[in-house]
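Here is a short briefing for a first look. Keep the sequence and the structure side by side as you read.

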Amino acid sequence: MPTIKTFLLPDLGEGLTEADLLTWEVAVGDTVALNQCIAEVETAKASVELPSPFAGTVTALHAEEGATVDVGSPFIDIRTDDGPDLDPAPAAGPSRSQDVDAGAKPEREPVLVGYGVADESVSRRRSRTETSTGRGAPMDSTKSAASSMSTISPDAYATVKPLAAPPVRFAARADGVDLADVTPTGKHGQITRDDLQRYREARSVGASGTGADNERDVPTPRHTADEERTPIKGVRKHTAAAMVRSAFTAPHVTEFVDVDVTPTMELLERLRQAKPFQGVRLTPLSLVAKALLIALRSNPSVNSSWDEDTQEIVTKHYVNLGIAAATPRGLMVPNIKGANALGLKDLALALTDLTTTAKEGKTGPADLADGTITITNVGVFGVDAGTPILNPGEAAILCFGSIRRRPWEFKGDIALRSVTTLSLSFDHRLVDGEQGSKFLAAIADILSDPINLIALN
């Protein structure tokens, strides 16, 4: 007989205790398939789509969009139909589901962190069967089950539920935009960032009464004339807490050096024309990253961490190079695993992949974990220098400033040269002044005479 099952929010990895509910993908009365996406949530690490561990009909949603949900709290109720019980097998520790029918027997298990191993036939695919209702409804939805039982084709579904990547949905929510009002131009009817921007501009014109859309009822962000409040959740909340811990637990020291990088910029242009680098996005950051990796070989103490439990310095013989990236979800520092083993071409490809993935909001928890040293590129914002805060658990962070044409002494004369400022913040428990200075000077030497980028590559 039918059984009501309550799905508890699982631990989505690395001992996280809560998640923010971004969007419901189902509503009360919808039918869902096993492993169908039911909601998108954001943890301190990443944005995650939650698959349903049961097949049946949604009877209750226990949280509203925008709410913070504790791990282990009721998340959604689903009434399963007659047939195999799809409740996951109990794992060690507290149960991850509450079953009204205690006599039901599990026969197969869904793919979900904290819910055991999936049936092989299910794990090879992910069901995306959708209902005619599209987006999830509020908790007090009174929509009847009969009105939401029919299914539609993927093409028709695009006309009901706006298709957009998580960063676009996040930006739309922050700006008070209903994506149903935005005209999509992306592949398969997906709403792109450009679509959202065009809608913002049209709305701005309409709000001023000078455009054709001024009669349209367009939602606006909730704020007063004097201030606007934005809740800090997910990645931004995690980043804020981590930076406070880092700033007040690690004794920071920052050193600066100005570098004539004219030879490096000339080499960059030659490499871009070279056949092996055709189709590769080579940037100044690519060469700075390579210079840092080379300098680490003779300054390994900078690639270390502090073990608080044992009061020991742990020097790493591998480099997971973090790149600070500004994304729609806030500051993130994904890292390139084993960057020390990469040649310049592979490093440039890895950097491109890393930054593209971060900007698209697809960075996963594994990409953010286990970094050993970081570069932050403030030059892309036209900033000359900075005193960056260490990424927690790391000994150093290199800040790369803008490259500008400046008067510079060159071969006894004053000439216009391409000059940048590098700054290095380091944990003085792990790196003393001499070690930090030698490391920063080594990077500067390589960039001022980039023959070492080739000789030591």
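The points below cover aromatic rings, charges over rings, cysteines and one threonine.

This is a predicted model. Two aromatic pairs are counted in it. Phe7, Trp24 and Phe75 make up one aromatic cluster. The structure has zero disulfides.

**Aromatic rings**

- Phe7 and Phe75 pair edge-to-face. Their ring centres are 6.2 Å apart, and the planes meet at 85°.
- Phe7 belongs to strand β1, which covers residues 3-8. Phe75 belongs to strand β8, which covers residues 74-80. The pair links distant parts of the chain, with the two positions 68 residues apart in sequence numbering.
- Are Phe7 and Phe75 buried or exposed? Both are buried.
- Trp24 and Phe75 form a tilted pair. Here the centres lie 4.7 Å apart, with 35° between the planes.
- Trp24 sits in strand β2, residues 18-24, while Phe75 sits in strand β8. The pair therefore ties together parts that are 51 residues apart in sequence.
- Trp24 is buried, as is its partner Phe75.
- Phe75 takes part in the edge-to-face pair with Phe7 and in the tilted pair with Trp24. The three residues Phe7, Trp24 and Phe75 form one cluster.

**Charges over rings**

- Lys5 places its charged end over the ring of Phe54. The distance to the ring centre is 5.9 Å.
- Which residue lies over the face of Phe410? That residue is Arg417, at 3.6 Å from the ring centre.

**Cysteines**

- How many disulfides does the structure hold? The number is zero.
- A disulfide is a covalent bond that joins the sulfur atoms of two cysteines.
- Cys37 has a relative accessible area of 1%. The cut-off for buried is under 20%, so Cys37 counts as buried.
- Cys399 also has a relative accessible area of 1%. Cys399 is therefore buried as well.

**Thr376 and its contacts**

- Where is Thr376 placed? Thr376 is in strand β19, which spans residues 373-377.
- Thr376 has 15% relative accessibility, so this residue counts as buried.
- Leaving out residues up to four places away in sequence, Thr376 touches Ala324, Pro388, Ile397, Leu398, Cys399 and Phe400.
- Cys399, one of these contacts, is the buried cysteine listed above.

Note on methods: Residues numbered from 1 in each chain as written. Predicted model: local features only at pLDDT ≥ 70, side-chain atom pairs only at ≥ 80, totals over all residues. Heavy atoms only, no water. Disulfide = S-S within 2.5 Å. Buried < 20%, exposed > 50% of the residue type's maximum accessible area, 1.4 Å probe, protein only. Phe/Tyr/Trp six-rings, centres within 6.5 Å; stacked < 30°, edge-to-face > 60°. Helix = DSSP H or I, 4+ residues; strand = E, 2+ residues; numbered from the N terminus. Lys NZ or Arg CZ within 6 Å of the ring centre and 35° of its normal. Contact = heavy atoms within 4.5 Å.
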